[in-house]
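Please open the structure in a viewer and keep the selection tool at hand. The tour below proceeds stop by stop, stating what to select and what is found there.

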Amino acid sequence: MNFQNLNYFLVTARELNMTRAAAELHISQQALSSHILKLEEELGCQLFDRGHGLSLTYSGKQLKRSAEQILDIERQTITAIDDINKNMRGELRIGISHTRGQAILPLVLPEFSRSHPLVELSVVEGSTEELEEQLEHGTIDLLFGYVPFLLDTAETVELMQEHMLLLVPKALLQEKLGPEEAERVLTEYRKKTDISLFKDMPFVLLQKGDRIRTLVDREFYHKGIDPKVTVETRNIQTVFALCAEGMGLTVCPEIYLGSPYTIVGPDSYIRSKLEVLDFYGLRNVDTFAIGYNRERYLSRTAADFIDLCTKACKTLA
């Protein structure tokens with residue numbers, strides 16, 4: 001049994017599709033089948049049921065768990081030796097939510113690539129739950145998220161403190177309330193930070209399940225508000241654009257307004273069409289952090305990336 005065959009098996013076991021697995025491995029389907037058959041012959045058992053679709057046998061499931069651990073140890077060992085030899089090469093796999101990458105990654109990845117040209121960068125996007133599971137199993141090295149991480153073995157480095165902001169389309173406010181009433185409501189809101197003042201206004205929000213949406217729904221619940229949601233989407237840039245065009249108010253973390261790479265960044269056209277207010281004042285301030293699994297080897301490149309992130313996020317705070 002060799003590492004290559006184990007890797008080929010593991011990719012196939014995850015995909016459960018020979019065509020996709022072969023494409024991911026950049027080999028022919030015939031060559032992949034040959035490697036799997038050799039591994040089955042070596043182990044003296046069948047690893048896949050090849051009936052209607054591909055599925056793992058009991059032996060295949062056992063090997064999948066072991067292969068993940070074996071290949072993970074191999075990768076950690078190679079990384080440690082590279083660090084000892086000061087090669088500064090290898091791969092760095094970064095986990096981040098769908099909505100966060102656009103605000104943060106352009107600030108850090110280009111500079112990191114220039115200083116570490118031999119390091120292959122991989123960005124994995126997903127939900128917090130999915131990414132923390134990957135951090136635990138070693139399929140990603142670092143994870144951007146909010147403290148506290150649910151993973152017990154996560155070690156976090158604080159990047160910045162932030163709170164939520166309410167974005168109000170100026171044109172919509174004028175249309176619904178008129179100039180004088182709109183100004184009165186804005187003045188009162190700035191004093192009280194009470195979302196109930198906008199309870200009759202429409203909202204454009206991220207879909208349920210997103211962390212931002214969960215925080216927003218929790219605040220509505222506490223205030224006894226059943227908001228009129230005109231549009232739900234997974235794309236936060238779409239939310240900003242629709243909000244600016246008057247389809248409804250929205251809520252977002254302040255990091256988006258500090259990043260020049262988002263459409264509501266400093267001095268942007270869309271930003272000029274919005275009133276920017278605190279969503280719930282300075283309570284419930286969140287700590288945004290980058291985390292790693294302390295039970296796993298932290299490479300020099302990963303440590304360098306963390307240092308770079310702490311410096312970059314100071315410009316957004």
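How many salt bridges does a search of the whole structure find? The search finds 18, where a salt bridge is a side-chain nitrogen of Lys or Arg within 4 Å of a carboxyl oxygen of Asp or Glu. This is a predicted model, in which local features need pLDDT of at least 70 and side-chain atom pairs count only at pLDDT 80 or more, while totals for chains, interfaces and linings use all residues. Residues are numbered from 1 along each chain as its sequence is written, and side-chain values use heavy atoms, with hydrogens and water left out.

**First stop: helix α8**

Select residues 179-192, which form helix α8. Helices (H or I, at least four residues) and strands (E, at least two) are DSSP runs, numbered from the N terminus. Helix α8 has 14 residues, and the distance from its first C-alpha to its last is 20 Å, close to the 20 Å expected at 1.5 Å a residue. The expected span is 1.5 Å times one less than the number of residues.

Next, colour Ala182, Val185, Leu186 and Tyr189, which are buried in α8. Buried means under 20% relative accessible area, exposed over 50%, and partly exposed in between (1.4 Å probe, protein chains only). Viewed down the axis of α8, the buried residues fall within an arc of 100 degrees, so they line one face of the helix. The arc is that of the directions from the helix axis to the C-beta atoms. An α-helix has 3.6 residues a turn, so residues three or four places apart point the same way.

What covers the buried residues of α8? The cover includes β7 (164-169), α7 (170-177) and β11 (274-278); contact here means heavy atoms within 4.5 Å. Turn to the face of α8 that points away from its buried side, and the exposed residues Glu180, Lys191 and Lys192 appear.

Now show the side chains of Glu188 and Lys192, which meet in a salt bridge (3.0 Å, N to O). Both residues lie in α8, 4 residues apart, about one turn of the helix. Lys192 has a relative accessible area of 54% and is exposed. Adding Glu181 and Arg184 to the selection reveals a network of salt bridges that links them with Glu188 and Lys192. Just after α8, Thr193 takes a positive phi of about 50 degrees.

**Second stop: helix α9**

Select residues 211-223, the 13 residues of helix α9. The end C-alpha atoms of α9 are 19 Å apart, which agrees with the 18 Å that the helix should span at 1.5 Å a residue. At the start of α9, a side-chain oxygen of Asp210 comes within 2.8 Å of the backbone nitrogen of Ile212.

Which residues of α9 are buried? They are Ile212, Arg213, Leu215, Val216, Glu219 and Phe220. Seen down the axis of α9, these buried residues fall within an arc of 160 degrees, so they line one face of the helix. They pack against β7, β8 (202-206), β9 (228-233), α10 (236-244), β10 (250-253) and β12 (286-293). On the other side of α9, Tyr221 and His222 are exposed. Gly224 follows α9 and has a positive phi, near 70 degrees.

Keep Arg213 selected and add Glu232: their side chains meet in a salt bridge (2.7 Å, N to O). Glu232 lies in strand β9 and Arg213 in helix α9, so the pair ties together parts that are 19 residues apart in sequence. Is each partner buried or exposed? Arg213 counts as buried at 4% relative accessibility, whereas Glu232 counts as partly exposed at 41%.

**Third stop: strand β12**

Select strand β12, in which 8 of the 8 residues are buried, so the strand is largely enclosed by the rest of the structure. Both faces are covered: one side carries Asp286, Phe288, Ile290 and Tyr292, and the other carries Thr287, Ala289, Gly291 and Asn293.

Which strands pair with β12? Strand β5 (residues 142-146) pairs with β12 in the antiparallel sense over 4 bridges, and Gly145 stands opposite Ala289. Strand β6 (residues 154-162) also runs antiparallel to β12 and is joined to it by 8 bridges, with Glu162 opposite Asp286. Two strands pair if DSSP finds at least two bridges between them.

**Last stop: a salt bridge in helix α4**

Finally, select Lys64 and Glu68, whose side chains meet in a salt bridge (3.2 Å, N to O). Being 4 residues apart in helix α4 (residues 58-84), the two are separated by about one helical turn. Lys64 counts as partly exposed at 22% relative accessibility, and Glu68 counts as partly exposed at 27%.

How values were computed:
A polar contact is a pair of N or O atoms within 3.5 Å; within protein, one must be able to donate a hydrogen and the other to accept it, and residues adjacent in sequence count only if both atoms are side-chain atoms.
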